[in-house]
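Dear colleague,

Please find below the sequence and structure that I am handing over to you. My notes on what was found follow directly after.

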Amino acid sequence: FHDGLVATSSPDGKYVITSPNMTYIPQPPWGRLSVSLKADGKFGMEDPLQWPQVYSPRSKHNWLHCMPRSNHPRHQPQVWASLKDEDLQSFEGILRILYVVKPSRLEPIRASLDELSAEVDALEQQKGYSQNLRWIQLSAEHVYARLSLAATKRDLILQFVATERQYCMAVAWMTWDHLAATIPPPNVAPVLHDDLMGCFTTDAAIAQRCFHIGIPVWYLCIADCLTARDIIVSRVGVQRPTGIVLTTGVYSDSPLYTGSPGPAQLDAINFGSMEYIDAEAVPYPTEYGCTPSESDNARPGPAVSSACQQQAGPSRAMSTTPSRTIPSASVRMEPYCQPVQHKNAGRSKFEDKPSPRIPPLLSAWEDALVNLDTSRMVTPPSGSWGFWVPEPALVVGPANPDRVRRYVLNWLSVREPWYYVTRTIRHRRAMFVRWWRAYLDDGLNPSAFPQASKARNLSKVLDVLAEIFDKNNINTKDLKPMWLGQPVSSVDDNLCWDVAWELSEIGFRMDLFMLNRALYQRDRDQAASAAERVQLLNQVFSGGNILHVASIPSSDVGLASPNLVERGKCLEGLRCLMKSWPHPPDVLKSDISLNAVDERVLRRVEKVIANFYVETFVKESGRAPILPRHCPRFAASS
């Protein structure tokens, strides 16, 4: 294995780099790396998507040396060519710097992902379930779903590359799974797969195995180990990167990772490429109801400047407030929780009164809300949670039709940009009801509020957006309401039903996501892994992104489905998720699967799940939850 078709010396002269199956030697990742985003949304020559990296058997991505090159039949350049300005269209809304990818540009990617999904399904039927492969495939669907949503140009470029990365990783996983199981006999010449990325290695056994399988490999051995018996066909120079973007462009040159080549480098790139950056560079403010965990702060992510620095001048920096240290002698076993003061005036959020513009709640979840004992309800020590989306009754519930029209149009003016802010992985903004009401009443026009209190509430909404985008990029006038990609000028009951259903669906998903996140961080030793929890959430909610609804269903689906198999699958995902929460009911901890039970058992467990969710959410958040409803078409027919 010291023999090679080509050889050259390492940059420090200590190693000789050879290859038994390639006629050139690419520049190796050497020394202390500084990995940062480049202008095309990739990571230069340190990116396994476009340059060979050091193979590490200890890495959980020990199949990345099978990443497809641009000449691979599964990695078509016409499908994955970098996004250009002509592929984007400006999004007319409350933020002037948002864009969406044109549907025609996404069609070939959708076809590739559908083909990948079918291939993964077939492989699972043949060899059984692989959590790693399914996780990669679901990740590809998640980031693809973001491409049809409004975001900044930088984030769309990054999410486009992330879709390509997850797709290629799935192809690499399946390629390695196939090649590793089909090693040719020693007397048969290996077939070289020069359309795979290949790898560098200092392990002779790995070099030998890659050679026999036909994967491009470059072996680094100490120069003193070479002898006169070792055969080198020719000596060549190092091939430097060509066709790879090495400038940062609109991204910051702050490193995502600094250190030696290896597993940590690859993990940082994979995690960093999956996130929004413009909506995630700001710490989560504590007054909005949740704070980032230690794992969030430690998790690698792209170090970038804010969007406004790139597009509209200096940004507003935001600092986190240090926590107050309490002397151990003053710590009590019981928290200082205060009973919630229920006001007689106003609408009770624990009662779902029938409305001609709001679809009804699912019966099991409505019963759980009605049966909740609010007399013992207390406010959590950290304060009550806000709302990540406005309550449906707040938007379409007013009795005055003119107010309903104003509220709906103002919500639709901010809907897409707000979802962009809230759908990020680590930091999600929530607002209190009075803030939502201030915005819905008259948009983002502060002069419309003669009362100082209303003006202060409206300023909170502006502050949330200005934390990420400079105020110069916030459009406070001439807003254009949009619903599912179409402009809206009038409001009727059908639109109200659709808007109310989507707010309920997104609100329920967000509440569940954040509750699960809070409980997982508190009790992670006994909880499932974060990856397993996301997979369970995907089982509850179909589609690419659990925090996004692509369309309004024409019939009850998911948790509302009359089909016992479909509803049982969703409830089984919830059961498996919630059984790791603190103090779950015994029925949730049992081994029974809801995928194959009769209707009587399913309804009984459904009520237990709904009751346990509502009780746990109210205890943790200090407010009423947003719950799932029947789809508008079902409710209208009823």
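Is strand 2 (residues 15-19) mostly covered or mostly exposed, and how many of its five residues are buried? Strand 2 is mostly covered, with four of the five residues buried. Please bear in mind throughout that this is a predicted model.

Strand 2 has pairing partners that are worth tracing. Strand 1 (residues 4-9) pairs with strand 2 in the antiparallel sense over four bridges, and Ala 7 has Thr 18 as its bridge partner in strand 2. The two strands, 1 and 2, form a hairpin with five residues between them. In that turn, Gly 13 has a positive phi of about 75°. Strand 2 is also joined to strand 10 by four bridges, and these two strands run antiparallel. Here Thr 18 appears again, with Tyr 219 as its bridge partner in strand 10.

A further sheet is found elsewhere in the chain. This open sheet has three strands in the order 6-7-8, with antiparallel pairing. Its edge strands are strand 6 (88-90) and strand 8 (151-152), each of which pairs on one side only. Strand 7 (residues 98-101) meets strand 8 in the antiparallel sense over two bridges, and Tyr 99 has Ala 151 as its bridge partner in strand 8.

I turn next to the interior. The largest nonpolar core has 57 residues, and Trp 63, Met 67 and Ile 215 are those with the most contacts inside it. Among the elements that give two or more residues to this core are strand 7, strand 10, helix 2 (103-127) and helix 11 (401-422). Helix 4 gives the most, with 13 residues. Leaving aside residues up to four places away in sequence, Met 67 touches Pro 48, Leu 49, Cys 168, Met 169, Ala 172, Asp 195, Leu 196 and Met 197. There is also a second, separate core of 49 residues, which includes Leu 512, Val 540, Leu 577 and Met 578. As general background, nonpolar side chains tend to be buried together in soluble globular proteins.

Finally, the surface. Leu 5, Ile 231 and Val 233 make a nonpolar surface patch of about 270 Å². Ile 231 lies in the loop between strand 10 (217-222) and strand 11 (232-235). Why does Ile 231 count as exposed? Ile 231 counts as exposed because its relative accessibility is 51%, and the cut-off for exposed is over 50%.

With kind regards

Terms used: Residues are numbered from 1 along each chain as its sequence is written. This is a predicted model: local features need pLDDT of at least 70, side-chain atom pairs count only at pLDDT 80 or more; totals for chains, interfaces and linings use all residues. Side-chain values use heavy atoms; hydrogens and water are left out. Two strands pair if DSSP finds at least two bridges between them. Patches are made of residues with over 30% relative accessible area and no salt bridge: like charges are joined within 9 Å, nonpolar side chains (Val, Leu, Ile, Met, Phe, Trp, Tyr) within 5 Å. Accessible areas come from the Shrake-Rupley method with a 1.4 Å probe; for residues, only the protein chains shown count as cover. A salt bridge is a side-chain nitrogen of Lys or Arg within 4 Å of a carboxyl oxygen of Asp or Glu. Buried means under 20% relative accessible area, exposed over 50%, partly exposed in between (1.4 Å probe, protein chains only). A nonpolar core is a set of buried Ala, Val, Leu, Ile, Met, Phe, Trp, Tyr and Cys residues joined through side-chain atoms within 4.5 Å. Contact means heavy atoms within 4.5 Å.
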